[in-house]
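Work through the exercises below with the sequence and the model side by side. Try each task before reading its solution.

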Amino acid sequence: MSFEISCSCQHNELVLNGPVIMRFICHCLICQNVYQAPYADVVVAWKNDVITTKFQSIDFKKFRMPPAVNRGICIQCKKPVYGYLKSYVKHDLAFIPAQNFKDSSLLPEPCLHEFYHRAVSPVADDLPKYYGYMHSMFGLSKALLKNIYTADNA
Ligand SMILES: [Zn+2]
Ligand SMILES: [Zn+2]
C-alpha cells in the first residue's frame, strides 16, 4: 500500500510505503495547539515506511517530557507534517495527520478517542473514550498492540 502525504501548503511531501496500523482521535492540549483545531485525527504507521520526497521546511520539537512524540511542523504553513515516537514494540512509530493524506478515503475509520477529558465539545459515536493521561496511554497502547498483532498475522 502506498499513500501520498503533504502538509497543507505542499512544501513538505511524503510517501507512506506500507500499512496504516491504526487511526485515532486525540483531544490533548498539545494536539489542539499543534493542529490549531479542537482535536487531532491521527494515522499511525511505521516510521521506516515514511519516505520524504520533498522535504524543505520542517521543524521537529517535543512539547513535553519523554515519552513524547517528536512533532514535525512545517515552517511555512505552521501545520503538522508528521511526528514520530521511539517505540520498543518493533520499530519507531510515525504519527501522521489524517488531513495530510491526499486520498483520505483509503484510510480506516478512527478506533478510539484519547485525552477525552480535554474534548472541546462532546463527540457522539460508539468509539472507546479514554480520560486522563494514564487511561489514555493504556487505551492507545492496547489498541496499538492489537492492531500491530493483527497486521502481522494478516
Ligand atoms: Zn506546509
Ligand atoms: Zn494529543
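The exercises cover metal sites, salt bridges and paired strands.

This is a predicted model, in which local features need pLDDT of at least 70, side-chain atom pairs count only at pLDDT 80 or more, and totals for chains, interfaces and linings use all residues. Residues are numbered from 1 along each chain as its sequence is written, chains are lettered from A and ligands numbered from 1 in the order in which they are written, and side-chain values use heavy atoms, with hydrogens and water left out.

**Exercise 1.** Find the residues that coordinate the zinc ion (ligand 1), and name the arrangement of the donor atoms.

Solution.
- Step one: find the donors, which are N, O and S atoms within 2.8 Å of the metal (3.2 Å for Na, K and Ca); water is not among the atoms, so sites may look incomplete.
- Step two: the SG atoms of Cys7, Cys9, Cys74 and Cys77 coordinate the zinc ion (ligand 1), at 2.3 to 2.4 Å.
- Step three: read the spacing of these donor residues in sequence, C-x1-C-x64-C-x2-C.
- Step four: check the angles. Four donors count as tetrahedral if all angles lie between 85 and 135 degrees. Around the zinc ion (ligand 1) the four donor atoms subtend 104 to 117 degrees, so the arrangement is tetrahedral. The ideal angle for four tetrahedral donors is 109.5 degrees.
- Step five: check burial. Buried means under 20% relative accessible area, exposed over 50%, partly exposed in between (1.4 Å probe, protein chains only). Cysteine 7 is buried at 1%. Cysteine 9 is partly exposed at 27%.

**Exercise 2.** Which residues coordinate the zinc ion (ligand 2)?

Solution.
- Step one: the donors are Cys26 (SG), Cys28 (SG) and Cys31 (SG), at 2.1 to 2.3 Å.
- Step two: their spacing in sequence is C-x1-C-x2-C.
- Step three: cysteine 26 has a relative accessible area of 3%, so it is buried. Cysteine 28 is buried too, at 9%.

**Exercise 3.** How many salt bridges are there, and where does the pair of glutamate 4 and lysine 102 lie?

Solution.
- Step one: apply the rule. A salt bridge is a side-chain nitrogen of Lys or Arg within 4 Å of a carboxyl oxygen of Asp or Glu. The count is four.
- Step two: glutamate 4 and lysine 102 form a salt bridge at 3.7 Å, N to O. The pair links distant parts of the chain, 98 residues apart: glutamate 4 is in strand E1 (residues 2-6), and lysine 102 is in the loop between strand E9 (93-97) and strand E10 (113-114). Helices (H or I, at least four residues) and strands (E, at least two) are DSSP runs, numbered from the N terminus.
- Step three: glutamate 4 is exposed at 52%. Lysine 102 is partly exposed at 47%.
- Step four: aspartate 92 and lysine 86 form another of the salt bridges, with the closest N and O atoms 3.2 Å apart. Aspartate 92 is buried at 19%, whereas lysine 86 is exposed at 57%.

**Exercise 4.** Is strand E8 (residues 80-85) mostly buried or exposed, and which strands pair with E8?

Solution.
- Step one: five of its six residues are buried, so strand E8 is largely enclosed by the rest of the structure.
- Step two: look for pairing, which takes at least two DSSP bridges between two strands. Strand E7 (residues 70-74) runs antiparallel to E8, joined by four bridges. Isoleucine 73 has proline 80 in E8 as its bridge partner.
- Step three: E8 also pairs with E9, antiparallel, over three bridges. Tyrosine 84 has alanine 94 in E9 as its bridge partner.

Technical notes
Tetrahedral: all angles 85-135°; square planar, octahedral: opposite > 155°, others 65-115°.
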